[in-house]
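Q: Could we go through this structure together? I would like to discuss its overall build and its charged contacts.

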Amino acid sequence: MEKPSTSNLNGDFRSEKSNEESKDSVSRPVTNIILNHDFSDGLQSWNPNNCDGFVVSSEGSSNYPLPAKLSGPRFAVITNRKESWQGLEQDITNRVSVASTCSVCALVAISVAPQRGSHVQATLKVENQDSSVSYIFIGKTSASAEHWEKIEGTFSLSTTPKRATFYLEGPSPGVDLLIRSVVISCPGSTKFDIPSTRSLCDEDENANIIQNPRFDDGLNNWSGRGCKIVLNNSTSDGKILPISGKFFASTANRTQNWNGIQQEITGRVQRKLAYEVVATVRIFGNNVTSANVRTTLWVQSADLREQYIGISSVQATGKDWVQMQGKFLINGSPSRIIIYFEGPPPGTDILLDNLVVKHAAKAPPPLPPAIENAAYGVNIIANSNLNDGTEGWFTLGNCSLSVGHGSPHILPPMAADSLGPHEPLNGRYILVTNRTQTWMGPAQTITDKVKLYLTYQVSAWVRIGTGATRPQGVNVALGVDGQWVNGGQIEINDDKWHEIGGSFRIEKQPAKVIVYVQGADAGVDLMVAGLQIFPVDRHARFRELRKRTDKIRKRDIILNLNTSDSFPLVGTYLKIEQTQNSFPFGSCINRSNIDNEDFVDFFTKNFNWSVFGNELKWYWTEPQQNNFNYKDADEMLTFCEARNIQLRGHCIFWEVESTVQSWLRALTKPDLATAVQNRLTGLLTRYKGRFKHYDVNNEMLHGSFYQDRLGKDTRVNMFKTANQVDPTPALFVNDYHVEDGCDSKSSPEKYTQQILDLRARGAPVGGVGIQGHIDSPVGPIVCSALDKLAILGLPIWFTELDVSSENEFVRGDDLEVMLREAFAHPAVEGVVLWGFWEMFMSRDNAHLVNAEGEVNEAGKRYLAFKEEWLSRACGCVDGEGQFEFRGFHGSYEVEVVTIFGKKLTRKFVVDPGEDPIEISIDL
């Protein structure tokens, strides 16, 4: 299940407001063109501009009164300033690059407490070849005597200057300017012998880039976004007071949800760096006691395209201050950036006490979870076979438990491969009667039996009694400190026994865990037999999957070397390396991702298929009627085609009503039918022949907007029309929770029946999409779903795969389960991940690469799979000029070394197939 892009946590672009060898890090070094940037050589290379200067060291003696709260080994003091423009300067003429964007960061402070006029500014003075002079504003900050503040900004030169001088200026006359370090990074400046630095101003990564963050300087640097803002030291008759300083700001006259408090931070944010945001907020007025407050980043690119990045949200109240936290990262080089607060209904004010935005701290190195004495395959349910009646069981609610006879004597199939030694089922079952609520059923406490980070499989037989007037949902659930955890679901519409299966994992120590069976309507009896909950041995399963993989993804290969009679083959040595496995591996991308060179590098090296996160969806390409936006999709398509990356088109329609534009929902039936037809012809004509797949109508098991309004035939007609307009792509269905047993709406049986019905009525369904947003996956459950869908004879793709765990090692284990199950199943023909880069995923803790380019443990696991699934071989040909080996399907390169030392290189391709393949290599 995907999240529609409303708050846009994926950081996508929007035209209207409404995501060589592999290395562990793909970050790039930064080169500083400032000489003596940290004053380690005194003021060498620097010049005080009509004032005095000297360097103070924390280690040496000095008569200068060191500000107690300013840390650092040394800093420059610029004193005897008579004018605000007087400061410190350096000539950078011979080190600055023309036609390049240079990034600037300086750490500054002042000698006295902040006052009006305490701003420090970075400026570039440019003397042109015609002797004219211009000044380029770079950035400024409200300086303090208590801590170092950052000045950040960028500049570029269009022509070669006669002279370029960088200088810092700005505090009121008589106020000393303190400078700790200056960094200017310019591409193309590495020809100079200048030390490199890892990142701009990395000496003080904890500096807050927000100016006047606690309103000590009034409302300077702040403004209202579509409304007014007010400075307060208290409000509500003194009941609301600031908590971090002397003042707080509040909005006034809000008439729209997006109205709020904002600050422009252009020039203070470095692209490709992760920033963490912490704010303290509350609401007031309009008789609203609770409302959602959001922190949003508005970004404008040079071509005036707008991007809205949702950073964080919190349910704020009128009673207390609450803290909100989030992160963001900018991929491109924007012309403007504004951070603002929005969200409550009009008339309700937003109150902001403080805001901190700083470079996000790196997480400590992760450790694999310590799991001792894992009893794999051992059932933790007591008296599962009911040999002791209902001993160990209790009821949730005032229902009744008794023991019945006549349930299946065999294990549910999904448990048979992973459950360890066990008693045979004996036909006894728990009968639950007198149920007056859906949640009533049998339960057990398992607190002391569950181990953290182990993945548990759930298995049982269930049945319902007579009296049901509609299909009944049955759920094995866990209560973990009062929170519901899904252990498996099924829908029953007869009086037969049904297998229910699922899985779960607990990653934080609970105080109490109970398991219970629930779900049928009040008055409907419930029967449960052979409930099994046991930890799964994933590595034992992996060993079996490797054998299956060898059978279906490899074939025997015979290379026949052809040469003239005068060219002896005896002793010829071959070194064979596979360059690419033919199995497709892809990833979701969004428009802003392709502005990040590090993202692009990892993506193009490790994926050969892609899908757009939002940019092809109807709500993106036509947010308002007849207002089209194909610019993002066009650019992404061109990007992928230039790199020979194949594409899935996602999606033409989305059946879930909450994802449908308001203008579509307001149309009459005839007008909606016309709009649907226009969408099909417009999209598929525009991109004819360029997408290999299309998801025609997304999530038809979970929504029915178009079918409800246009009739049952509309789904079939969507497929038919799409095929008529562009007959080349395979047309897919696509849905979620098909593979994990945790959603009764989307069982493999229901999905299979839906596809059979569509095809029976003429829909040219060409593929089965399983999204794959899964938690704590268990191989036999996933494989069972694939087996059931394989009877359709259609290619199966995992189209949006992601797994989530705070622990990177566990996340890697989950990913391994899914990739190995997919790669070992003959019906699966491709896997597309729903992203891989932190902060550009639809789920938290699902990324493979951290925000600033470091491959994490889950990402290392993915790269290891890619390497494992490439074949290599070497050796000498036999007397017949042949060489045999077994290898994966895909592209190969062979180096031929003759007995005379001559080397030749040839390429060949191994197509899928079961029989040995003979390939001729002409020398």
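The exchange below takes up the whole chain, then one sheet, then salt bridges.

Q: Before the details, what kind of model is this, and which pLDDT limits apply?
A: This is a predicted model, in which local features need pLDDT of at least 70 and side-chain atom pairs count only at pLDDT 80 or more, while totals for chains, interfaces and linings use all residues. Residues are numbered from 1 along each chain as its sequence is written, and side-chain values use heavy atoms, with hydrogens and water left out.

Q: How many helices and strands does the protein chain have?
A: There are 13 helices and 49 strands in the protein chain. Both are DSSP runs numbered from the N terminus, helices being H or I with at least four residues and strands being E with at least two.

Q: What is the radius of gyration, and what would a compact globule have?
A: The protein chain has 33 Å, which agrees with the value near 29 Å for a compact globule of 923 residues. The radius is taken over C-alpha atoms, and the globule rule is 2.2 Å times the number of residues to the power 0.38. Along the principal axes, the C-alpha atoms fill a box of roughly 95 × 95 × 65 Å.

Q: And how much of the protein chain counts as buried?
A: Of its 923 residues, 57% count as buried. Buried means under 20% relative accessible area, exposed over 50%, and partly exposed in between, with a 1.4 Å probe and protein chains only.

Q: Switching to sheets, what is the strand order in the open sheet of five strands?
A: The order is β3-β6-β11-β8-β9, with antiparallel pairing. The edge strands, β3 (47-48) and β9 (133-142), each pair on one side only. Two strands pair if DSSP finds at least two bridges between them.

Q: How many bridges link β3 and β6?
A: Two bridges join β3 to strand β6 (residues 88-91) in the antiparallel sense. Within β6, Leu-88 is the bridge partner of Pro-48.

Q: On to charges: how many salt bridges are there?
A: The count comes to 46 salt bridges, each being a side-chain nitrogen of Lys or Arg within 4 Å of a carboxyl oxygen of Asp or Glu.

Q: Which parts does the pair of Glu-838 and Lys-327 tie together?
A: Their side chains meet at 3.9 Å, N to O. Glu-838 lies in the loop between β44 (828-833) and α13 (857-868) and Lys-327 in strand β21 (residues 322-329), so the pair ties together parts that are 511 residues apart in sequence.

Q: Is Glu-838 buried or exposed?
A: Glu-838 counts as buried, at 17% relative accessibility, while Lys-327 is partly exposed at 37%.

Q: Where do Glu-641 and Arg-690 lie?
A: These two form a salt bridge with the closest N and O atoms 2.7 Å apart. Glu-641 is in helix α5 (residues 631-642) and Arg-690 in the loop between α7 (669-686) and β39 (693-698), so the linked parts are 49 residues apart in sequence.

Q: What about Lys-788 and Glu-749?
A: Their salt bridge has its closest N and O atoms 2.9 Å apart. Lys-788 lies in helix α11 (residues 779-790) and Glu-749 in helix α10 (residues 748-760), so the pair ties together parts 39 residues apart in sequence.

Q: Which residues do salt bridges that share partners join into one network?
A: The network consists of Asp-303, Arg-305, Arg-591, Asp-595, Lys-631, Asp-632 and Glu-635.
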